[in-house]
Amino acid sequence: MGSKGRPYRTVMVEGFEVLIGRGDEDNDHLTFDVAKPNDLWLHVGGGTPGSHVVVRNPERVEVPKPVVEVAAAAAAWYSKARGSARVEVHVCKAADVSKPRGAPAGLVSLARYKSMRVRPAAPDAGAGDD
């Protein structure tokens with residue numbers, strides 16, 4: 001592993017740490033090595049390539065909807081769907097994400113998830129002015 005900084009970006013949203021993977025191997029590392037079972041995990045739907053996004057939840061609380069929305073918008077932004085007006089993003093607990101045997105880096109399967117539609121947005125752009 002190249003040690004060129006961390007394999008993900010970190011942004012703070014209302015006191016929650018949001019981690020955004022940078023590439024396929026980084027996504028795997030973030031999802032399976034960094035994320036804890038109660039963290040939220042987000043990714044664009046529909047088979048679109050994109051970053052895995054993790055919302056840290058060490059207190060195991062209900063993550064506030066605005067935080068989830070920012071994380072979902074970031075997942076959409078750091079994906080091939082960035083140019084779309086609305087993007088479907090899958091949200092689940094990290095515990096519900098698994099790696100199919102023999103799957104390439106970055107490919108996962110979800111035991112269960114919710115979907116939300118969001119406008120792609122960089123996580124630090126225009127926070128709170130919507």
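The following legends describe an overall view and several close-up views of a predicted model.

Because the model is predicted, local features require pLDDT of at least 70 and side-chain atom pairs count only at pLDDT 80 or more, whereas totals for chains, interfaces and linings use all residues. Residues are numbered from 1 along each chain as its sequence is written, and side-chain values use heavy atoms, with hydrogens and water left out.

**Figure 1. Overall architecture of the protein.** The protein contains two helices and eight strands, where helices (H or I, at least four residues) and strands (E, at least two) are DSSP runs numbered from the N terminus. Along the sequence these elements follow the order β-β-α-β-β-α-β-β-β-β. The radius of gyration is 13 Å, which agrees with the value near 14 Å for a compact globule of 130 residues; the radius is taken over C-alpha atoms, and the globule rule is 2.2 Å times the number of residues to the power 0.38. Along the principal axes, the C-alpha atoms fill a box of roughly 45 × 35 × 35 Å. Of the 130 residues, 45% are buried; buried denotes under 20% relative accessible area, exposed over 50%, and partly exposed in between (1.4 Å probe, protein chains only). Contacts are defined by heavy atoms within 4.5 Å. Among contacts between residues at least 6 apart in sequence, 60% join residues at least 24 apart.

**Figure 2. Surface and charge of the protein.** About 7,500 Å² is exposed, and carbon and sulfur atoms supply 49% of this area. Accessible areas come from the Shrake-Rupley method with a 1.4 Å probe; for residues, only the protein chains shown count as cover. The mean positions of the 18 positive and 16 negative charges are 3 Å apart. Lys and Arg count as positive and Asp and Glu as negative, while His and the chain ends are not counted. Each charge is placed at NZ of Lys, CZ of Arg, CG of Asp or CD of Glu.

**Figure 3. Surroundings of His90 in strand β5.** His90 belongs to strand β5, which spans residues 87-93. With a relative accessibility of 12%, His90 counts as buried. A polar contact of 3.3 Å links the side chains of His90 and Glu88. Such a contact is a pair of N or O atoms within 3.5 Å; within protein, one must be able to donate a hydrogen and the other to accept it, and residues adjacent in sequence count only if both atoms are side-chain atoms. Beyond residues up to four places away in sequence, the contacts of His90 include Trp41, Leu42 and His43, as well as Tyr113 and Lys114.

**Figure 4. Helix α1 and its cover.** Helix α1 comprises residues 24-34, and its buried residues are Asp26, Asn27, Asp28, Leu30, Thr31 and Val34. The cover over these buried residues includes β1, β2, β3 (40-44), β4 and β6 (97-98). Thr31 has a relative accessibility of 4%. Residues up to four places away in sequence aside, Thr31 touches Trp41, His52 and Val97. The C-alpha atoms of Thr31 and Arg6 lie 14 Å apart, with these positions 25 residues apart in sequence numbering.

**Figure 5. Val67 in helix α2.** Val67 lies in helix α2 and, at 0% relative accessibility, counts as buried. Its contacts, not counting residues up to four places away in sequence, are with Val13, Glu14, Phe16 and Val55. From Val67 to Asp96, the C-alpha separation is 20 Å, at 29 residues apart in sequence.

**Figure 6. Two loop residues with positive phi.** Most residues other than glycine have a negative phi. Glu14 has a phi near 50° and occupies the loop between β1 (8-13) and β2 (16-21). In Arg60, phi is near 55°; this residue lies in the loop between β4 (53-55) and α2 (65-77). Glu14 is exposed at 56% relative accessibility, and Arg60 is exposed at 64%.

**Figure 7. Asp96 and Ser98.** Asp96 is situated in the loop between β5 and β6, and Ser98 is in strand β6. Asp96 is buried at 12% relative accessible area, whereas Ser98 is partly exposed at 35%. Excluding residues up to four places away in sequence, Asp96 touches Ser109, Leu110, Ala111 and Arg112. With neighbours within four places likewise excluded, Ser98 contacts Phe32, Val108 and Ser109.
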